[in-house]
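Biologist: I'd like to learn how to read a structure like this one. Could you take me through some features one at a time?

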Amino acid sequence: KGRLLAALTALSCTQLTLVSACAPSNDGAPPATTEAAPAKTSDQEVRPVPMPDLSRLPGPVQEQIRARYAVLEQAIERRAPAEELGRAYGDVGVILMVAEYPAAAETSLRNAQVLARTDARWSYYLGQFYVAQGDRAKASECFERALQLRPTDLPTLVRLGETYLDGGRPEDAERMFTQALGLQPQLGAA
C-alpha cells in the first residue's frame with residue numbers, strides 16, 4: 001500500500017506539471033453521482049465511467065481519485081469543451097490505471113482519446129495501459145496514433161519500437177529506434 005501511495009503521489013505531481021488546468025476542486029467533496037455521464041461526439045459515443053469500489057485503497061489515494069472524479073463530473077455538468085472534458089477523463093484514467101482498476105481506466109482513457117483527438121497523451125497512456133495488459137497489438141495501434149499526433153516524441157518512438165519488436169516486426173522496430181536515435185543520438189533505450 002505504501003508503494004501504491006508513493007506511486008500515486010508521484011503521478012499526481014507529474015500530472016499537475018503536465019496538466020495544470022485540471023486542478024481538483026477546492027471543496028474536496030465527492031462527486032454528486034458515482035458515474036460520469038456519457039457525451040456524444042460526431043462519430044463515437046463516450047461511455048460512462050462508474051466509480052469503482054475504492055475500499056481497498058488508503059484514504060489519501062481514495063481522496064485523490066474522488067477529486068479527479070469531481071473535476072470530471074463538474075466538466076460534464078457544465079458541458080465543457082471536448083478538449084477539457086477529454087483531459088478530465090484522461091486524468092481519471094491515468095490515476096485508475098495506476099490504482100489498478102483496469103476496466104474503468106481503459107474506458108476513461110478511450111473517452112479522453114475520443115474527445116481530445118489532437119492530444120497525443122491519451123493515445124500514449126492508452127498504449128501504456130495495453131502494454132501492462134499484455135496486448136501488444138492494441139498498444140502498437142495506440143502508440144502509432146500518438147506518433148501521428150507528435151512525430152518527434154522520443155518516449156512514443158521507443159515504446160512503439162518495443163511493441164513492434166515484441167510483436168515480431170524487427171524491421172519496423174529498427175525504423176522507430178533509428179528515428180529516435182536521429183533525434184537524440186545518445187538515447188540508450190533506442
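Biologist: Let's start with one residue. Which helix does arginine 175 lie in?

Modeller: Before anything else, keep in mind that this is a predicted model. As for arginine 175, look in helix 8, which covers residues 170-183.

Biologist: Is arginine 175 exposed, partly exposed or buried?

Modeller: Over 50% relative accessible area is exposed and under 20% is buried. Arginine 175 comes out at 46%, so it counts as partly exposed.

Biologist: What does the side chain of arginine 175 join up with through a polar contact?

Modeller: Aspartate 172. The two side chains are joined by a polar contact of 3.1 Å. You can also relate arginine 175 to tyrosine 164: they are eleven residues apart in sequence, and their C-alpha atoms are 9.9 Å apart in space.

Biologist: Now zoom out for me. How many helices and strands does the protein chain have?

Modeller: Eight helices and two strands. Going along the sequence, the pattern reads α-β-β-α-α-α-α-α-α-α. Of the 190 residues in the chain, 45% are buried. You can also ask about contacts across the sequence: taking those with a separation of 6 or more, 57% are between residues 24 or more positions apart.

Biologist: With that many helices, I should learn to read a helix pair. What describes two packed helices?

Modeller: Two things: the angle between their axes and the distance between those axes. Try helix 3 and helix 4, where the angle is about 155° and the axes are 7 Å apart. That angle makes helix 3 roughly antiparallel to helix 4, since anything over 145 degrees gets that label.

Biologist: Which residues make the contact between helix 3 and helix 4?

Modeller: From helix 3 you have, among others, Leu85, Gly86, Tyr89, Gly90 and Gly93, and helix 4 brings in residues including Ala105, Ser108, Leu109 and Ala112. Sorted by class, this contact has twelve nonpolar, five polar and one charged residues. Helix 3 passes helix 4 in a left-handed crossing.

Biologist: How do helix 5 and helix 6 cross?

Modeller: Helix 5 is residues 120-133 and helix 6 is residues 136-149; their axes come within 8 Å and cross at roughly 160°. That makes helix 5 roughly antiparallel to helix 6. The crossing is left-handed. Among the residues in the contact are Ser123, Tyr124 and Leu126 of helix 5, with Cys142, Phe143 and Arg145 of helix 6. Those contact residues divide into ten nonpolar, three polar and three charged.

Biologist: And at what angle do helix 6 and helix 7 pack?

Modeller: About 150°, with the axes 9 Å apart; helix 7 is residues 154-166. Helix 6 and helix 7 are therefore roughly antiparallel to each other, and their crossing is left-handed. On the helix 6 side look for Ala139, Phe143 and Leu147, among others, meeting residues of helix 7 that include Leu157, Leu160 and Tyr164. The class count here is seven nonpolar, three polar and four charged residues.

Biologist: Let me try a polar residue next. Is glutamine 113 buried or exposed?

Modeller: Buried, because its relative accessible area is 10%. You'll find glutamine 113 in helix 4, residues 102-115.

Biologist: What does the side chain of glutamine 113 make a polar contact with?

Modeller: The side chain of serine 123, at 2.8 Å. If you leave out residues up to four places away in sequence, glutamine 113 touches Trp122, Ser123, Leu126, Cys142 and Arg145. Two of those names should ring a bell: Ser123 of helix 5 and Cys142 of helix 6 also take part in the contact between those helices.

Biologist: What about backbone angles? Which phi does arginine 79 have?

Modeller: A positive one, about 55°, although arginine 79 is not a glycine. Arginine 79 sits in the loop between helix 2 (59-77) and helix 3 (82-98). At 76% relative accessibility, arginine 79 counts as exposed.

Biologist: And where does glutamate 100 lie?

Modeller: In the loop between helix 3 and helix 4. Glutamate 100 is not a glycine either, yet has a positive phi of about 70°. Its relative accessibility is 59%, so glutamate 100 counts as exposed.

Note on methods: Residues are numbered from 1 along each chain as its sequence is written. This is a predicted model: local features need pLDDT of at least 70, side-chain atom pairs count only at pLDDT 80 or more; totals for chains, interfaces and linings use all residues. Side-chain values use heavy atoms; hydrogens and water are left out. Helices (H or I, at least four residues) and strands (E, at least two) are DSSP runs, numbered from the N terminus. Buried means under 20% relative accessible area, exposed over 50%, partly exposed in between (1.4 Å probe, protein chains only). A polar contact is a pair of N or O atoms within 3.5 Å; within protein, one must be able to donate a hydrogen and the other to accept it, and residues adjacent in sequence count only if both atoms are side-chain atoms. Contact means heavy atoms within 4.5 Å. Axes are lines fitted to C-alpha atoms, for helices over the stretch in contact, and angles run from 0 to 180 degrees between N-to-C directions. Angles under 35 degrees count as roughly parallel, over 145 as roughly antiparallel, 65 to 115 as roughly perpendicular and the rest as oblique. A crossing is left-handed if the near helix is turned anticlockwise from the far one by less than a right angle, and right-handed if clockwise. Ala, Val, Leu, Ile, Met, Phe, Trp, Tyr, Cys and Pro count as nonpolar, Asp, Glu, Lys and Arg as charged, and the others, Gly among them, as polar.
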